[in-house]
Amino acid sequence: MKIPNRKETIEAVRAKGYQIGAVMPFHYPRALLRAFKIHPMEVWGPPHIDPMEGMQHFPEYTCQIVHKATRFFATAAARDIDCILIPHTCDSLQGMASVLKDYLTMKQPIFTLYHPRGRRKSDLDYLENELRALGEKLREFTNISPGNDEIMAEIRLEEKANKLFADTLQHRQIYTVSDRDFYTTLRAGEYLPADQFIELVGSLPKGRADLHGPGLMLSGVVPEPMSIFDHINRFGAHVIIDDLACCSRRIYEANDESDPYRHLARSLMSMPPDTTISTPYNRRFEYLGSQMLRTGAKGVVVFNPKFCEPELFYISMFEERMKEQGYSFLFVENELTTELHQQIQTRINSFVEVMT
Amino acid sequence: MSLGNLVNYYLTAGLVGKQVLRRQKRKQLHKIEQISLKGDPDLGPPLKATARMSELLSHQYLKGRYTEGVKKVAWFSSGAPIEILQALGFFLYTPDNHAALCGARKLGVEFSEIAESRGYPREICSYARTDIGSYFAGRTPVGKIPKPDLIVVSNNICQTILHWYQAMGTYLEVPVFLIDTPFLFEDAASHQIEFVKQQLEELIPVAERIAGKKLDWKQLQETCRIGKECSDLWMEVLQRAKAKPSPITGFDAFILMGPIVALRGEWSTAAFYREVLDEIDERINAGIGAVKKEKHRVLWDNLPIWYNLKWMSRKLAGHHIAVTVSNYTYQWAEPARYFDTSRPIEGMAKTYLHSILNRSSGYKLNHMKEMIAEFDLNGVLLHSDRSCKPYSLGQLDQSTKLLNELGIPSLILEADHNDSRVFSEEQVSNRLQAFAEMMD
C-alpha cells in the first residue's frame, strides 16, 4: 500500500476541515488536538533542512532537532502550519519554545505542554490539569468546544491505532518487509490520521520474515537517516526491537477513566521507562533487559543526534548493564543528516562482524 | 546513634574543629590585610568577609565528615526546597556546591576525565561529570562526603540535574525524591503551584520516616522565616552594587553566595550576611570600589567560570570594567518574596517554582533590562556555557535585543563553568579587549 506523504496528508485533512498543528517530540495528546479539529504533524528535524537559520538562535551545542525545526518553521513549507505544540521534553526543547515564543515573530501560536517527570498521584493530577489548560487554549484558538464524548471518541480511535502500533512493533518477526519499510510504515503515524494509519499498518504483509543475522535493539531518539536500517541489513543484522523515542517509547496503555482529560493523563503516563522523565535507571534497564530477552536480540545500537543530554546520561550505565548480561553494545551519534556518514557505517559494520 | 559517633561529632567537628577553623580564618584575614596593604593596580582590596565565609562552609564540610551515625543525611540540589529537611534535623549537603568548589580549585577537568573514562560523555554538564568523577575517584577536596539517606532533587534549575542525581541515587542505592517544577513561560498558574505544593506534602511522610520523627510545624515556620531573612539579606548585599563605584563585583557575589545556597535557613548564615553588609557599607562610605578605576559597569549572565574567576576578574578590571551584577546570584534572592511563614508549604511552592532559571528567556531578558536601568550598566557579558543549556539557549536573541532596543552592547563568551578544556584564555582576552574598546 502506498504511504501518503505529508503534503498529501495536509491537503486531505484540510479538505476535512482540520487545521495543521506542528508538534515537536514527543509525548503529547494526539486525541485532544484532533478533538479540536487540529491535525498533529510531528517535526523530528526534518533531516533535509539546512540548520543554518537555527544557528542564528542557538549555540552549536544544541541538538540538530532544535536547529532544524527552528529553520523549518522559518521556511515557506511552514506556511501550511496553523499552530505549534512544543512538549517540554528536555532543556533544548524548553529553550526552543522560549525563543520561538519570546523572540521570533511567528504567525502561529505556540502551545507548550509540561509532562511531569514523576509517576505519583500528584503527577497524574497535575498532568490532567495541564491538559485541561491546554484544552482551554485550544478552545480559544479554534473556537471549538468539543464535548467529553467527542474527545473520548478521538481517544478510542487513537488507542486502537496505538494498540496496533504496539502489537506490530513487538512482533517484528512476522512481517515480511525490510527493516526500513517496517519502520517507514510505523513512522507514518507521525503525521497520518489514526484511521489511515490503522489501514496502512493492517496492510503490512505477514508471513515468515526473512530476517538475517543477529537481531538488534535500536535505541535512541529518531532513526534519521532511515538508511541506517539499510546498512544494518547490508552488514548482516536486523532490528528486532527498538527503544526509539519516536517508536516503542510511545506505547501507551488504554485505561478506563471516563473523564477524557484524566484518561489522557493516565494514558500519557503509562509509556515505557524513558530518559526524558525521571525514570530510575534500574527500572529502565530492567525493562530494556526484559525486551532483549523476549525478542532474543543479541546486541544494542544506540543511535542519537548529538548533544542529546537526557540520552547521554544513560549511556554509561546502559552499556555496563547490557555488557554484564552478555550483549554487545554500540553507541553512535549522528548529526541528523540525510545520509549516514561513512565512519558510522564502518562502525556498524565492525560491530555486526564482531557479533557474528 | 552510637555514643562514639556523637562524641566525635561534637568534639572533633564542634569544639576542636571550630578552634582550628578560627585559626585558619585569622591566617586568611592576615593574608587579606597584606594584599590590601600591598595594593593592586586594578582591583580594590579583597573582602574580609571571604575569610568568615570559608570558616562557615568549611565547618559545614567538617561536620559532614563526622555526621554519619549522628544525623540523617539528605543531599539536595541547589534549587531544591530544604526547609522541611532542615526542620526535621537532617544534615544537608549539596553536590552542586561541591562541584563548584572542585571547579574553583581547578579539579573540574581531573574529575570530569574520570567520569568520562567511565562512559559519561563530555557533552553532559561538567558539574555532573565533576561530581560523578569525584565519586568514582573516592576523592574530594572537602575530606569526606557523608553518604545520604535521602536525595531530594528539584528541576527548577535544569532537567540535567534529575539525571545526575538519579545516577548518584543508583550508585549509592538511596531513594531519590523529586520536586518537579513545571517550567514557567509566564507567571505560575494555580495548577502549577498546586502541583509543587502536593509534592512537598508528599515529601513530608517520606522524610519523616527516614528522620524517625514527626515534622514540627512551628519549627518549619521558623526555618522558613530564617530562610527568608537570609535571602532578604542576600538581596541587600547584591543591591549594594548600585553604589558608584560598586563596592563588590559579580565575582565577589559568586564567592559569597556559598552560604545562601548551602546553608539558608541557618542563623549563622543571616549573621554572616549582616557582617558582609557592614563591610560593604564601610566601603561605600569610604568610596572604595571593587575595581579601582571603574569606567564601565556590566552584567554577567549565566554561571561563573569557576576555574578562572581570578583571571577573569583581573582581566576585566584591567579594562576598567566592573562586573557589577550577576543575574545568576539572584536565583537565591529574588523568589524569596514568595515565602509565607503563615502558609509555609504554599509559600515554598511559589518560591521554588519562580526560580529565575525556571523562567523563560524573555523573562530573563526583561530581568536584565531592569538590572541595566537599576544598576546603571553599559554592557552585558553573556557566558555561553556549554554545560548549562537552559541558561545559554536564548542568549543570541537576547544579545540582539539588548543592542537594538537599549543600545547596550554585549559579548558572548564561549566557555564552560567547570571544564577548562573548552576555554581559551587568549581568545577570550582578545574578545574582552574588543568589547572594552566598543564600550569606550
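Cys388(B) is tucked away in this predicted model: the residue is buried, with a relative accessible area of 7%. Its sulfur also has no bonding partner, because the closest cysteine sulfur, in Cys158(B), is 6.2 Å off and that is too far for a bond. Here's a quick tour of the cysteines, and then of chain B as a whole.

**Cysteines**
- Counting over all chains, you'll find zero disulfides.
- Cys102(B) is in no disulfide either, and the nearest cysteine sulfur, that of Cys125(B), sits 13 Å away.
- Cys102(B) is buried too, with a relative accessible area of 0%.

**Fold and overall shape**
- Chain B is built with 18 helices and eight strands.
- Lay the C-alpha trace of chain B along its principal axes and it spans about 65 × 50 × 50 Å.
- A compact globule of 440 residues would have a radius of gyration near 22 Å, so the 21 Å of chain B agrees with that picture.

**Packing**
- Buried residues make up 61% of the 440 in chain B.
- Take the contacts in chain B between residues at least 6 apart in sequence: 79% of them join residues at least 24 apart.

**Surface and charge**
- About 16,400 Å² of chain B is exposed, and carbon and sulfur atoms supply 50% of that area.
- Chain B carries 53 positive and 51 negative charges, and the mean positions of the two sets are 6 Å apart.

How values were computed. Residues are numbered from 1 along each chain as its sequence is written. Chains are lettered from A and ligands numbered from 1 in the order in which they are written. This is a predicted model: local features need pLDDT of at least 70, side-chain atom pairs count only at pLDDT 80 or more; totals for chains, interfaces and linings use all residues. Side-chain values use heavy atoms; hydrogens and water are left out. A disulfide is a pair of cysteine sulfur atoms within 2.5 Å. Buried means under 20% relative accessible area, exposed over 50%, partly exposed in between (1.4 Å probe, protein chains only). Helices (H or I, at least four residues) and strands (E, at least two) are DSSP runs, numbered from the N terminus. The radius of gyration is taken over C-alpha atoms; the globule rule is 2.2 Å times the number of residues to the power 0.38. Contact means heavy atoms within 4.5 Å. Accessible areas come from the Shrake-Rupley method with a 1.4 Å probe; for residues, only the protein chains shown count as cover. Lys and Arg count as positive and Asp and Glu as negative; His and the chain ends are not counted. The place of a charge is taken as NZ of Lys, CZ of Arg, CG of Asp or CD of Glu.
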